[in-house]
Amino acid sequence: MTELAVGELNPPARTLLGPGPSNVHPRVYRAMMAPVVGHLDPFFVATMDEVVDLLRLVFQTANRVTLPISGTGSAGMEASLVNILEPGDKVVVGVNGFFGERLADAAGRCGAEVFPVTAAWGQPIAPEQVEAVLRQHPETKAVVVVHAETSTGVLQPMEDIARLTKERGALLVVDAVTSLGGIPVATDAWGADVVYSCTQKCLAVPPGLSPMTVSEAALQALRERRGKVPSWYLDLSMLERYWGNKQTARTYHHTAPITMIYALREGLRVAVEEGLEARYRRHARNGRALQAGVQAMGLELHAQEGHRLPVLTTVRIPEGADDLKVRRALLNDDNIEIGGGLGPLAGRIWRLGLMGYASSEENVLLLLAALERVLAGLGVRVYRGQGVAAALEVLNAG
Ligand SMILES: *Cc1c(COP(=O)(O)O)cnc(C)c1O
């Protein structure tokens, strides 16, 4: 045997408190050790039905077509657009961050005419502006919005935009990549037509799948297309025959990533066992505690008050602090990963995630203590002890 310099894989055990991936739940890791079976094995086919049922619970939907797309959140984004949009279609896209921009780009690639509705990076999209564009272009096919903008830390209120979209007879597409499993995603109550997410944020499962749910109206639009869906892999009319049919009628499309489906099943079981309401409360409380702590240390939050995500907190980098040095110190000294800013916010904010399994009281206190120590060590003025104290006050209040 020739000498091979590649050693056994031994990743560091990080505390993942950035924009994702988040820490994987131990039960999910255990499920991933289960034997791989064939993708049309009766066992696996039954497993798929269970995953679909669990997904309907977390998406709060009765949609028949509810399935995980093989691929990360961006695959779900692509699938949502490529199935609905045809060249020349008009689409309104909310753009108030990096992922809104990505959606506008992806919609344009479908040949659609994109009407962006913008807001500052840190503020939500104003429903009145969506309404104004819809009034100008009444034949708009779809309105696309990001529920939880991971690049800015903004939670988009959905009710008004959803109502306006429905009034105009357009389809509503929602990016729930960072919200699903951490913040209520009320697919049917909103009347959303396509909602997609990912596994590696608030579901505490590794990256690799994009759960998605599709309304009958969106399927109707798919059936009424003038031409074929330009993506073979993401064509929902074929995927629904594999996922949407009951056991006996499933037909091969592509090999489902068996181990990831096991992982998602366990992640969803953990979520449902905790109880969705309790899970949302946990994320909300820990997010509030972290935000109180960060402010008590003397740092400023970036997202507009009243629209802050509990699962992803954006913090302005204080004067005199070196973005990279701080993040490197957290990683090297404390094994903690946080995120930097994207696009125009690069070098201006940090992104602190409390998602899924990682959204815990311990992690709130750990992160505040570590951040304080690192900043003080680099000579940045912070109110020492205040962050943890303020967070404890929130946590103790319940
Ligand atoms: C992470 C994220 C995505 C992209 O998901 P990937 O899994 O990285 O492909 C899309 N939208 C939002 C809001 C995200 O936070």
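Let's start with a pair of residues: in strand 8, the bridge partner of Ala142 is Leu171. Keep in mind that what you see here is a predicted model. That pair belongs to a longer match, since strand 5 and strand 8 run parallel and are joined by five bridges. If pairing is new to you, strands of a sheet pair through backbone hydrogen bonds, either parallel or antiparallel.

Now look across to the next neighbour. Strand 8 also pairs with strand 9, again in the parallel sense, over three bridges. There, Asp175 stands opposite Tyr196 in strand 9.

So, is strand 8 buried or exposed? Five of its five residues are buried, so strand 8 is largely enclosed by the rest of the structure. You can check this face by face: Leu171, Val173 and Asp175 are buried on one side, and Leu172 and Val174 are buried on the other.

Let's zoom out to the sheet. It is an open sheet of seven strands, with mixed pairing and the order 2-10-9-8-5-3-4. Its edges are strand 2, residues 65-70, and strand 4, residues 113-118, each of which pairs on one side only. From one strand to the next, the twist averages 20 degrees. Over by strand 4, you'll find strand 3, residues 90-95, and these two pair in the parallel sense over six bridges. One example to click on is Val92, whose bridge partner in strand 4 is Phe115.

Which helices pack on this sheet? I'll show you two, helix 2 and helix 4. Helix 2, residues 42-59, touches strand 2, strand 9 and strand 10, and its direction makes about 105 degrees with that of strand 2. Helix 4, residues 98-109, touches strands 3, 4, 5, 8 and 9, and its direction makes about 165 degrees with that of strand 3.

Next, the ligand. How many residues surround the ligand? There are 13, and the closest are Thr72, Ser74, Thr150, Asp175 and Lys201. We met Asp175 in strand 8, and here one of its polar side-chain atoms lies 2.7 Å from a nitrogen atom of the ligand. Ser74 has a side-chain N or O atom 2.6 Å from an oxygen atom of the ligand. Thr178 joins in too, with a polar side-chain atom 2.9 Å from a ligand oxygen atom.

Here's a residue to find for yourselves: Lys166, which sits in helix 6, residues 159-167. Its relative accessibility is 33%, so Lys166 counts as partly exposed. Leaving aside residues up to four places away in sequence, Lys166 touches Leu171, Leu172, Gly191 and Asp193. Leu171 and Leu172 bring us back to strand 8. As for Glu128, it is 38 residues from Lys166 along the chain, and their C-alpha atoms are separated by 14 Å.

Last stop, helix 13, residues 361-377. Why should it span 24 Å? At 1.5 Å a residue, its 17 residues should cover that length, and the end C-alpha atoms are indeed 24 Å apart, so the two agree. Several of its residues are buried, including Asn363, Val364, Leu367, Leu368 and Leu371. An α-helix has 3.6 residues a turn, so residues three or four places apart point the same way. What covers the buried residues of helix 13 includes strand 1, helix 11, helix 12, strand 12, strand 14 and helix 14. After helix 13 comes Gly379, with a positive phi near 85 degrees.

Thanks for listening, everyone!

Methods. Residues are numbered from 1 along each chain as its sequence is written. This is a predicted model: local features need pLDDT of at least 70, side-chain atom pairs count only at pLDDT 80 or more; totals for chains, interfaces and linings use all residues. Side-chain values use heavy atoms; hydrogens and water are left out. Helices (H or I, at least four residues) and strands (E, at least two) are DSSP runs, numbered from the N terminus. The expected span of a helix is 1.5 Å times one less than its number of residues. Buried means under 20% relative accessible area, exposed over 50%, partly exposed in between (1.4 Å probe, protein chains only). Contact means heavy atoms within 4.5 Å. Two strands pair if DSSP finds at least two bridges between them. Axes are lines fitted to C-alpha atoms, for helices over the stretch in contact, and angles run from 0 to 180 degrees between N-to-C directions. A residue is near a molecule or strand if one of its heavy atoms lies within 4 Å of it. A polar contact is a pair of N or O atoms within 3.5 Å; within protein, one must be able to donate a hydrogen and the other to accept it, and residues adjacent in sequence count only if both atoms are side-chain atoms.
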